[in-house]
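Open the structure in your viewer and keep the selection panel at hand. The tour moves through a few selections and then out to the whole chain.

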Amino acid sequence: MQNRFLKRIIPLTLSAGMIFSVPAVVPQYAPAFCQSQVQAAAKGMSWNFTKDLEGWKYGGKWAYKGKPAVNWSNEFGGTIKLDLDYTPTADQSWSEVKLEYAKAANSPISLAGCNVLSYDLYFNPQAMTAGSFKTKVYAKDTSGKEVINTAPEIDLSKARDAGNGMKVVTVQVAFQPVKEKLNYFMFSIVGSNTDYKGAVYVGKVSAHYVKLPDGYVNKTEKVAKQQTVEPTSLATPADVKLVDGKASERTAQMYAYLKGIADSQYVLYGHQNELHKKVSTLPGKSDTYDMVRDLSAVIGVDGLALTGDELSLTDAEKAAGVTYAEKLANLVIPAGQKGAVITMSCHMPNFDLVSKKPKVDGKYDYSTYSPNVTSGDVVRRILPGGDLNGVFNGYLDMVADFAGRLQAANVPIVFRPFHENNGSWFWWGAAYCTSSEYKNLYRYTVEYLRDKKGLHNLLYTYSPGGPFADTADYASRYPGDGYIDIVGFDMYHRDPAKQDDWMKGFDDTMKVVDDFAAAHHKLAAVTEAGILVGNKGGALAKTGNQRPDWFEEALKKISPHKMAYFMTWSNFSEDNFDEPYMVTNKRGHEMVNNFIKFYNDPDSIFAGQIGDYGKLNVKIESAMAKDGYLLTPDAMTRILAPVQLKAKLTGSCQNAAFILQRKDGTAAATIPAAIQDGYATAELSADNLAAMGKTVGRVALTVDGQQTDDVQVLYNMPAPVPNPAMVDNFENYYGDNGLLKGSYSTNCGAGCSVDVTLSREHEEGETGLRYHYKITKGGYAGIIKSLKGVDWSSYTGVKFWVKPDGKAQKLICQLNSNGEDFEVNLTNVAASTEPQLVTIPFSEFKGKNGGKLDTYAIQHFALYCNTIGDEPVESDFYFDDIHAVK
């Protein structure tokens, strides 16, 4: 899961472009408030504009082209007139013109007791053919603290005739009451994918109190008694092959039970931070328990709890010497002993940053969320021989402390480190390490915890982010059968609409993982899934969720597949939650009754329905009795001179060899290896190199005649002269599309895809890039090139050649620095078919989190295409000569 604290980054890098709207506090279908609801006790403020603007003025703009005219008008009894033209930003969901109450700057105002700002908006319906309006209310107190920030839709269907072809709608925006005085107060008219061009008028502005509906519903659905799913009712295997051939009996029994569940119609339901994060203040153990009097069957925890970022200690606990690992273990052990599945993810900090922090009591300080800080070449440096290996080992020691406590209590753990590895929002993502670096990092982690720390209660899980084009796409960073017990994936439904195709893409993704799991004899699961609404990192909306039966929908899609469980993310607060919750014993979130129906479905399994799998008689075998993986060379290494080849071996291996493979897969040479102390070594000679010629090929490892690993390398292909300004001119791939694909990672929405190949469509040289994309409604497809923190401080912008396709989809150019994505919308370019040079000053890149682009350390360059409209689009862009300019 990406940072929302976890605030979802999505993502974050899931670009979908520059989405700056936020979930409505007052849903667009909320009932209009009548004057009788206003309580006289709240004085409030009002402005009628009968003679002038009464202190209001033009307050600026955001993503609006040009400068709008703002003046007083005597129309409609006195109004603020705004002459607006949203046609240049018709492709954008947020184009804002602000109105500021200027008098507040010198004479702070009080809105104590108020909870609604209302105004009349007059507009000409003939001036727009598409889109709608949103609004925003924003305020700061005298200390500069933001105290109001809300931005709902405006429901134009409620507009009334105002005469002369105009219409008027009364806009009412709810906000949390504030006691502090305000010296900055504004509201804005926001164009949302609209081509409106003409005047709008604002009249009768007032801040007052209204008794608002709380958005909660009565709990009417009854919780039905559920049947226990006993192991005897399932087709559980008698033999299991696990990464750890010495796994505890309880671990093997749980795995066998999960296999039986996966092969049935049942699906276990999981929830992250089930036992230590909740929205409700009721005394129940969790939000799940408050709704259905049962816990989730799968209980998620994260390494962030071990650092204090997601778990706190009381003063008494601190005084007693209680550690985070001890407290977290004590929270989950009772549920695990009763059969619940404990799963652990690790949003590991950036270890380069950790190494620079002062130690605490002689130990590294792993606190503060930083997995989204992608600088520092972390993966390479934490592997054995790297300068950060000791820092990483210290973190694993902390994990082992927690896992060891569960092992002592005979509780297994589904361990899921380095998730969403095919994305580029974490430092272990595809843009920041090679495939072999990632695989070796995962393998090293397994060996450290299993072999050095003596942990035998872990099941190791691989979970990239979906969707996937095919099993090869899914397996692009798979560490190997000897290191993975469970294959899963993470996939989120962004801004669900009543009719969209996400569930189909979800189904297609599960088919891919099903096929991979069957071919590799692994257990499969949906390791994360859920809803994402809006752009501020929230998940479920407080009100107005368009798919209230989402949990039941997901269950019906998952059940036919061989997926043992699916897990939703955490309930952090009322503004950041992934599961419905209760506020009293009888009232709760608007989806509470839908969730209870999901619980009552016989196919959904919660903790109380898990049978006693401890009675199973299960035989354990090692997944790979003999195995090995390459340490050198690394993937995409240029082999220009004789070099030592080295591999790590496991099991009783008698023979090992390195195979030099040509581009077509045929063997050019077989080099026998010397085996000593669990390592295989050999020398790749000058004669071997001469035999290979200049080609993209592979080095493969065989152990006792079986190939166990291979990496793609470049034989006799010198690297181009380094040019810090160059992103890519596509001239250094020797005509090899495989080499090109190895230099870029991809990021796509459900049902979307992107493919890159070399092309004769170009500006200079001999080749350019063909960017073939397929996008569906609400979708996106992107490519990312790692720049590894290049210093562009002496440059002013980015320039490239592009031949667009004229489809007018949302084309996004993205840079990343300090863990934040900065984007520019180039949809106007995408509307053309003429080849052109595009220059983008750094000043035009806008941060998704409002940050400032750090040109001293650019981490990646990306291109995204996002869908505009409801119809799927499949087409091509052509790019060339992407570079920084002065």
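A residue is called buried here when its relative accessible area is under 20%, and exposed when that value is over 50%. The model on screen is predicted.

**First stop: strand β6**

Select residues 116-123, which form strand β6. How many of its eight residues are buried? Eight of the eight are, and the strand is mostly covered. Both faces of β6 are covered. On one side sit Val116, Ser118, Asp120 and Tyr122, and on the other Leu117, Tyr119, Leu121 and Phe123.

Now add the strands that pair with β6. Residues 166-174 are strand β10, which runs antiparallel to β6 and is joined to it by eight bridges. Pick Tyr122 and look across to β10: its bridge partner there is Val168. Next add residues 197-208, strand β12. This strand is also antiparallel to β6, with six bridges between them. Here the pair to pick is Ser118 and Ser206, which stand opposite each other.

**Second stop: helix α11**

Move to residues 550-558, helix α11. Colour Trp550, Phe551, Ala554, Leu555 and Ile558, which are buried. These residues cover an arc of only 135° around the axis, so they lie on the same side of α11. The spacing follows a general pattern: an α-helix has 3.6 residues a turn, so residues three or four places apart point the same way.

**Third stop: Ser157**

Select Ser157, in the loop between β8 (146-150) and β9 (160-163). Is Ser157 buried or exposed? Its relative accessibility is 64%, so it counts as exposed. Then draw a distance from its C-alpha atom to that of Asp791: the two are separated by 51 Å, and the residues are 634 apart along the chain.

**Last stop: the whole chain**

Clear the selection and show the protein chain as a cartoon. It contains 15 helices and 46 strands. Its radius of gyration is 29 Å, close to the 29 Å that the globule rule gives for 886 residues, so the chain is as compact as a globular protein of that length. Along its principal axes, the C-alpha trace spans about 95 × 70 × 50 Å.

Switch to a surface view. The chain exposes about 34,500 Å², with carbon and sulfur atoms supplying 48% of that area. Of the 886 residues, 59% are buried. Finally, colour by charge: the chain has 91 positive and 100 negative charges, and their mean positions are 5 Å apart.

Technical notes:
Residues numbered from 1 in each chain as written. Predicted model: local features only at pLDDT ≥ 70, side-chain atom pairs only at ≥ 80, totals over all residues. Heavy atoms only, no water. Helix = DSSP H or I, 4+ residues; strand = E, 2+ residues; numbered from the N terminus. Rg over C-alpha atoms; globule rule 2.2 N^0.38 Å. Buried < 20%, exposed > 50% of the residue type's maximum accessible area, 1.4 Å probe, protein only. Areas by Shrake-Rupley, 256 points an atom, 1.4 Å probe, with all protein chains shown as cover. Lys, Arg positive; Asp, Glu negative; His and termini not counted. Charge placed at Lys NZ, Arg CZ, Asp CG, Glu CD. Pairing = 2+ DSSP bridges. Arc of directions from axis to C-beta.
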